[in-house]
Amino acid sequence: MSATVITVTSGKGGVGKTTTTAAFGAALALAGHRVCVVDFDMGLRNLDLVMGVEKRVVYDFLHVADGTASLGQALVRDKRVPNLFLLATSQTADKDALTPAGIDHVMNLLRAEFDYILCDSPAGIEHGAMMALQHADHALVICNPEVTSVRDADRIMGYIAARSRRAQAGLAPVREHLVVTRFSEDRARRGEMLSLAEIQDILAMPLLGVIPDSPQVLRASNAGRPASLDAASAPGRAYRAACARFLQDTRPVAARAPQAPGFLAALAETAQRGLLRRLFRTA
Ligand SMILES: Nc1ncnc2c1ncn2[C@@H]1O[C@H](COP(=O)(O)OP(=O)(O)OP(=O)(O)O)[C@@H](O)[C@H]1O
Ligand SMILES: [Mg+2]
């Protein structure tokens, strides 16, 4: 097995990276893949809480990196989706404890065990965010419909292009996918937030998903339940649709369906019909 590495990144803080890592990871696992979500947000450690496994974390990333624990000892298996695992981050305040060599070691172990590895980045463009980008094959760029978030997403795209292992080794570039979170069609219509067309104009990146702004997301986080596990909620459906779109878009060309009606149908459930019509008019 050699995993595909997906880094969830944004530049700006608090836009939904950890929420998306948990929800997208769970959706990939529900689709039958063996998935590990990895927390790179050292010192803060939120992903285990959002996944609802915080009480079962004994060893973390640094323990595996320095050989104190084996990967098997450190991985926490989800009780609801058995092919979903978490590797927690360390709570040490020393952010430089995460070295490129340590990350290479852990990622090589993970690559041999999983289909997909999702790396949750810390906010900003400092050391931790760059470490989370190192091994990326794909980047989910998370953006809220506001100018500062779009600007920071644009900046992080520059770093992905320059700093990832793929860029440095001269391999095919990291594939970027835009996920707009906390979107409200009504507020965009009233001009209180950016529209999807405006965001795409600035970022020029394929739109993978639109996650509605919904109190159900916070409720799911507080309950330690990735939002995608709830197929009846609008955010749950939106995350599942984004995952289906990702699997469709990244399938080998010969295996791809001629079109992706499933994604459009699902997007139509979360964004409203009028929005889609407008999008296509501007396309
Ligand atoms: N679609 C959504 N609707 C409503 N609230 C949301 C949505 N997505 C995320 N949130 C809320 O926004 C807050 C920040 O989310 P999250 O922790 O996932 O962001 P983050 O980018 O990981 O933050 P940080 O940069 O601090 O790591 C949380 O309270 C979360 O519940
Ligand atoms: Mg986070």
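This passage walks through a predicted model, going from confidence to core, strands, ligand shell and a few single residues.

To start with confidence, the pLDDT averages 89 over the protein, and 89% of the residues reach at least 70. One stretch to treat with care is residues 268-283, where the pLDDT is below 50. In the model, this stretch still has 17 contacts beyond near neighbours in sequence.

Next comes the inside of the protein. The largest nonpolar core holds 82 residues, and the members that touch the most others are V35, C36, I117, L118 and V141. Helix α1, spanning residues 17-30, gives the most to this core, with 7 residues. A good place to look in is V35: leaving out residues up to four places away in sequence, V35 touches G25, L28 and A29, along with N83, L84 and F85. The list for V35 also includes F114, D115, Y116 and L118.

Two of those core residues, I117 and L118, bring us to strand β5, which covers residues 116-120. How much of β5 is buried? Of its 5 residues, 5 are buried, so the strand counts as mostly covered by the cut-off of 20 or more other C-beta atoms within 10 Å. The residues of β5 point two ways: Y116, L118 and D120 go one way, while I117 and C119 go the other, and all are buried.

Strand β5 also has partners. Strand β1 (residues 4-9) runs parallel to β5, and 5 bridges join the two. Within that pairing, T4 has Y116 as its bridge partner in β5. Strand β2 (residues 35-39) pairs with β5 as well, again in the parallel sense and over 5 bridges. Here V38 is bridged to C119 of β5.

Now for ligand 1. There are 21 residues around ligand 1, and G13, K17, T18, T19 and A123 come nearest. Sorted by class, the shell has 10 polar, 7 nonpolar and 4 charged residues. Which elements each supply at least two residues of this shell? They are α1, β7 (175-183) and α11 (215-222). Helix α1 therefore turns up twice in this account, since α1 also gives the most residues to the core.

A few single residues round off the picture. N46 sits in the loop between β2 and α2 (47-51). Is N46 buried, exposed or partly exposed? N46 counts as partly exposed because it has 19 C-beta neighbours inside 10 Å, and being buried would take 20 or more. Setting aside neighbours within four places in sequence, N46 is in contact with T18 and D41. N46 and D120 are 74 residues apart in sequence, yet their C-alpha atoms are 9.7 Å apart in space.

The last two residues stand out for their backbone angles. Most residues other than glycine have a negative phi. R182 is not a glycine, but its phi is positive, at about 60°. R182 belongs to strand β7, and it is buried because 23 other C-beta atoms lie within 10 Å. A204, another residue other than glycine, has a positive phi near 45°. A204 lies in the loop between α10 (196-203) and β8 (207-212). With 10 other C-beta atoms within 10 Å, A204 is exposed.

Terms used
Residues are numbered from 1 along each chain as its sequence is written. Chains are lettered from A and ligands numbered from 1 in the order in which they are written. This is a predicted model: local features need pLDDT of at least 70, side-chain atom pairs count only at pLDDT 80 or more; totals for chains, interfaces and linings use all residues. A nonpolar core is a set of buried Ala, Val, Leu, Ile, Met, Phe, Trp, Tyr and Cys residues joined through C-beta atoms within 7 Å. A residue is buried if 20 or more other C-beta atoms lie within 10 Å of its own, exposed if 12 or fewer, and partly exposed in between; C-beta atoms are placed from the backbone. Helices (H or I, at least four residues) and strands (E, at least two) are DSSP runs, numbered from the N terminus. Two residues are in contact if their C-beta atoms, placed from the backbone, lie within 7 Å. pLDDT is the predictor's confidence in each residue, from 0 to 100. Two strands pair if DSSP finds at least two bridges between them. A residue is near a molecule or strand if its C-beta atom, placed from the backbone, lies within 6 Å of it. Ala, Val, Leu, Ile, Met, Phe, Trp, Tyr, Cys and Pro count as nonpolar, Asp, Glu, Lys and Arg as charged, and the others, Gly among them, as polar.
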